[in-house]
Amino acid sequence: MSRPDSLDRVRRRARDCRDCGLWREATQTVFGEGPHSAAIMLVGEQPGDREDRAGRPVVGPAGRVLDEALEVASIDRAALYTTNAVKHFKFRERGKRRIHQRPSVGEIDACLQWLRAEIELVSPRVVVALGASAAHALMGRATAIGANRGHPLEGALFSPVVVTAHPSSVLRERDREARGAALAQLGEDLRLAAEIARAAPENGRA
Ligand code: SF4
């Protein structure tokens, strides 16, 4: 892909991407959204069922968890650029339901061109990886969340990266207490990202 000159132009190109097989079953390309000069970029895994239909990243139940965690961290979501590592929904059908499936490394790699372009054009001060697939895309290798959260990391695609759990994982916790703890931890990681963004005099880049 030649170097893009605007996010809107890249977004239009991504609509017609056929660089892996995920476009076939998905409704649409779900590109990132938010201010084009956001200091913080959030990167999720891939669109889920709601995101695929709405054409917007990190909405639906996971989006509501993210909103709660942002409130914990006193961050205004409208100030963030939010996107996914993979831009098409991957799923298998079970009856009428579409069950999320984790993207493969090959699919993450194929889609990296769009994330790279978003990072280049937004030029954030810090990027937050929400979950293992996003961490893989940004770090350039498999990166365990539990062992790497809580401090900034040097990624292959960008630095600094803060890794944290995907908001949907909070919903999968077994009980209310565990969900509360997971939400608080997510909020702490987002607060760390906000501190890094505040302290950074210039936008970082790997
Ligand atoms: S998932 Fe990414 S690489 Fe695959 S077709 Fe969609 S936009 Fe292209």
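**Figure 1. Helix α5 and its enclosure in the predicted model.** In this predicted model, seven of the eight residues of helix α5 (residues 132-139) are buried, so the helix is largely enclosed by the rest of the structure. The buried positions are Ser133, Ala134, Ala135, His136, Ala137, Leu138 and Met139, and they pack against three strands, β1 (40-44), β5 (126-130) and β6 (161-164), as well as against the helices α4 (105-122) and α6 (145-148). With respect to the strands, α5 lies across β1, β5 and β6 and runs at about 140° to β5. The residue that follows α5 is Gly140, which has a positive phi, near 80°.

**Figure 2. The open parallel sheet.** Four strands, in the order β2-β1-β5-β6, make up an open sheet in which the pairing is parallel. The edges are occupied by β2 and β6, each of which has a single partner strand, so one side of each is left without a neighbour in the sheet. From one strand to the next the twist averages 20°. Four bridges join β1 to β2, with Asn84 in β2 as the bridge partner of Gly44; four bridges likewise join β1 to β5, where Met41 has Val127 of β5 as its bridge partner. Helix α8 packs on this sheet and touches β1, β5 and β6, its direction making about 175° with that of β6.

**Figure 3. The two edge strands.** Strand β2 (residues 81-84) is covered on both faces, since Tyr81 and Thr83 on one side and Thr82 and Asn84 on the other are all buried. At the other edge, Val161 and Val163 point one way from β6 while Val162 and Thr164 point the other way, and all of these residues are buried. The attachment of β6 to the sheet is through β5, to which it runs parallel and is joined by four bridges; within this pairing, Val163 of β6 is the bridge partner of Ala129.

**Figure 4. Surroundings of Ala193 in helix α8.** Ala193 belongs to helix α8 (residues 176-199) and is buried, with 26 other C-beta atoms within 10 Å. Once its neighbours within four places in sequence are set aside, Ala193 is in contact with Ile40, Val126, Val128 and Val162. A further residue for orientation is Ile75, which is separated from Ala193 by 118 residues in sequence but by 10.0 Å in space, taken from C-alpha to C-alpha.

**Figure 5. The shell around the ligand.** The ligand has 15 residues around it, of which Cys17, Cys20, Lys87, His88 and Cys111 come nearest. Helix α4 supplies the largest share of this shell, four residues. By residue class, the shell divides into nine nonpolar, two polar and four charged residues.

**Figure 6. The chain as a whole, as context for the close-up views.** The chain contains eight helices and six strands, which follow one another along the sequence in the pattern α-β-α-α-β-β-β-α-β-α-α-β-α-α. Its radius of gyration is 16 Å, close to the 17 Å that the globule rule gives for 206 residues, so the chain is as compact as a globular protein of that length. The C-alpha trace spans about 40 × 40 × 30 Å along its principal axes, and 44% of the 206 residues count as buried. Among contacts between residues at least 6 apart in sequence, 71% join residues at least 24 apart.

Definitions and conventions: Residues numbered from 1 in each chain as written. Predicted model: local features only at pLDDT ≥ 70, side-chain atom pairs only at ≥ 80, totals over all residues. Buried ≥ 20, exposed ≤ 12 C-beta atoms within 10 Å, placed from the backbone. Contact = placed C-beta atoms within 7 Å. Rg over C-alpha atoms; globule rule 2.2 N^0.38 Å. Pairing = 2+ DSSP bridges. Near = placed C-beta within 6 Å. Nonpolar A, V, L, I, M, F, W, Y, C, P; charged D, E, K, R; others polar. Axes fitted to C-alpha atoms, helices over the stretch in contact; angles between N-to-C directions.
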